[in-house]
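This report examines a structural model through its helices, charged side chains and aromatic rings. The sequence and coordinates are shown first, and the discussion follows.

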Amino acid sequence: MDAVFRFGIEEEYFLADAETGATPDGDVADAFHRARGAEVKPASHEFLKGQVEVQTEPTTSFEEARDQLLAARRGLAKVAEEHGLLLLAAGSHPLARARDQDATEKERYQRLLAELGVIAPRAMICAMHIHVETPEPDGRVRLMNRLTPFLPLMLALSSSSPFWQGRDTGLHSYRLTAFAQWPRTGLPEMFADEDEYRRFVELMVAGGVIDDASFLWWHIRPSVRFPTVELRVCDCCTRVDDAVALAALYQALTRCLVRRPEINAEVSVVDRGVCASNLWQVQQHGLEARLIDARSGETRTVAEQLEAVLALVESDAAALGSTDWIARCRAIAADGTSADRQRALFRAAKERTTSDTHALREVIRTLAAATVRRGAF
């Protein structure tokens, strides 16, 4: 059974001008994308020109996934440097401004620009998406429902978007708030089964609202292209090892729920509502959030929730060979996320410079260095 649970990771990165820290203009970004096409094969355009996306190959090896991501990050950073740019792995760009964004000239993206109007260029956000293959593709909708209560924990461990358009937002993950301006985002509906989900998609397509289910940008969804349940709630992790650790945790959770169908079998709209509240608590408080358990009615710290999940998936992690990788999640919970480190660096830099812009430039330079080094930042 374990060979079925292959996983893949997609990461989105920002480009920043090496001198100013701002979004590069369209011509510079175009030149970067032309050059990176020859250097980094798994890379592709994103909606905005000042972004780039990479994907790992489906695998069961965590070391292989890490090496693929690190090679892609380093390759893209090298091309970026040649064009006077920096590459940033984070959920938000500290100094990007909506008015400075240019959309990529692809039919899909131009359609989004026409549909979304003024809110389109406000998608200055970068996520990490994790795909995990399941043994029963026709059961992915129910599995998606049962995985939903775990989304706040995954966001808490990945939070990396505290800044927005030159300001400290006061949140650990502003990315979800920015993305909420788009339609068809957030938590999915609680579909009863695959047939009900397909009916919804068919109605949306027939009504001309979407071309296909890939235009449903929920926090978690059945993948259109792959036999996976795609986790989309996470911010892009600055540390590559954190990204792989979260992929390992999500893979183990998926295997656990497949193996134990009684877990969250009665998930309902109440669970969905509690999950929405827990996500907001995480956005506000990060690792200090208190999460409501819909079954017991009690609240838990993120660290307590993580320990409960680690105990739940212990045998699955052992079977998948991910015990050491998943244990890294404890270090994230103890030491802080990228959002915590970004904000601490900003405060220290602000004391020296008294300028938000100069302090955020220091944050950007540190993010760029940490993007390509293991264990940095």
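## Helix α8 and its burial

Helix α8 is largely enclosed by the rest of the structure, because 18 of its 20 residues are buried. The model is a predicted one. The end C-alpha atoms of α8 are 29 Å apart, which agrees with the 28 Å that its 20 residues should span at 1.5 Å a residue.

Two charged residues of α8 take part in salt bridges with other parts of the chain. One of them, Asp241, meets the side chain of Arg374 with an N to O distance of 2.7 Å. Asp241 lies in α8 (residues 240-259) and Arg374 in the segment after α14, so this salt bridge ties together parts that are 133 residues apart in sequence. The two partners differ in their surroundings: Asp241 counts as buried because its relative accessibility is 7%, under the 20% limit, whereas Arg374 is partly exposed, with a relative accessible area of 44%.

The other residue is Arg255, whose side chain forms a salt bridge with that of Asp316, again at 2.7 Å from N to O. Asp316 belongs to helix α11 (residues 314-320) and Arg255 to α8, so parts 61 residues apart in sequence are tied together. Both Asp316 and Arg255 are buried.

## Further salt bridges

The count of salt bridges comes to 25. Among them is the pair of Glu307 and Arg330, whose side chains meet at 2.7 Å, N to O. Here helix α10 (residues 302-312) supplies Glu307 and helix α12 (residues 323-335) supplies Arg330, so the pair ties together parts that are 23 residues apart in sequence. Glu307 is partly exposed, with a relative accessible area of 35%, and Arg330 also counts as partly exposed, at 41% relative accessibility.

Salt bridges also link Asp30, Lys49 and Glu105 in a network.

## Arg341, a buried charge without a salt bridge

Arg341 is placed in helix α13. Although buried, Arg341 has no salt bridge: the nearest side chain of opposite charge is that of Asp242, 4.1 Å away. Because a salt bridge requires a side-chain nitrogen of Lys or Arg within 4 Å of a carboxyl oxygen of Asp or Glu, the 4.1 Å between Arg341 and Asp242 falls outside the limit.

What does the side chain of Arg341 reach? At 2.4 Å lies the backbone oxygen of Phe377. Apart from residues up to four places away in sequence, Arg341 touches Arg239, Asp242, Asp335, Gly336 and Phe377.

## Helix α14 and its cover

Helix α14 comprises 16 residues, 356-371. From its first C-alpha to its last it reaches 22 Å, close to the 22 Å expected at 1.5 Å a residue.

The buried residues of α14 are Ala359, Leu360, Val363, Ile364, Leu367, Ala368, Ala370 and Thr371. An α-helix has 3.6 residues a turn, so residues three or four places apart point the same way. The elements covering the buried residues of α14 include helices α2 (62-82) and α13 (338-353), together with strands β1 (7-17), β4 (85-88), β6 (163-164) and β7 (167-168).

## Aromatic pairs

The model contains 13 aromatic pairs. One of these, formed by Phe47 and Tyr109, is edge-to-face, with 5.8 Å from centre to centre and 70° between the planes. This pair links distant parts of the chain, 62 residues apart: Phe47 is in the loop between β2 (43-45) and β3 (51-55), and Tyr109 is in helix α3 (residues 107-116).

Phe47 counts as buried at 5% relative accessibility, and Tyr109 counts as buried at 9%. Both belong to one aromatic cluster, which also contains Phe179, Trp182, Phe215 and Trp217.

## The loop at His83

His83 is located in the loop between α2 and β4. Its relative accessible area is 25%, and His83 is therefore partly exposed.

The C-alpha atoms of His83 and Ala29 are separated by 8.6 Å, while the two residues are 54 residues apart along the chain. Neighbours within four places in sequence aside, His83 is in contact with Val28, Ala31, Phe32 and Ala35.

How values were computed. Residues numbered from 1 in each chain as written. Predicted model: local features only at pLDDT ≥ 70, side-chain atom pairs only at ≥ 80, totals over all residues. Heavy atoms only, no water. Helix = DSSP H or I, 4+ residues; strand = E, 2+ residues; numbered from the N terminus. Expected span 1.5 Å × (residues − 1). Buried < 20%, exposed > 50% of the residue type's maximum accessible area, 1.4 Å probe, protein only. Contact = heavy atoms within 4.5 Å. Lys, Arg positive; Asp, Glu negative; His and termini not counted. Polar contact = N/O pair within 3.5 Å; in protein donor to acceptor, adjacent residues only side chain to side chain. Phe/Tyr/Trp six-rings, centres within 6.5 Å; stacked < 30°, edge-to-face > 60°.
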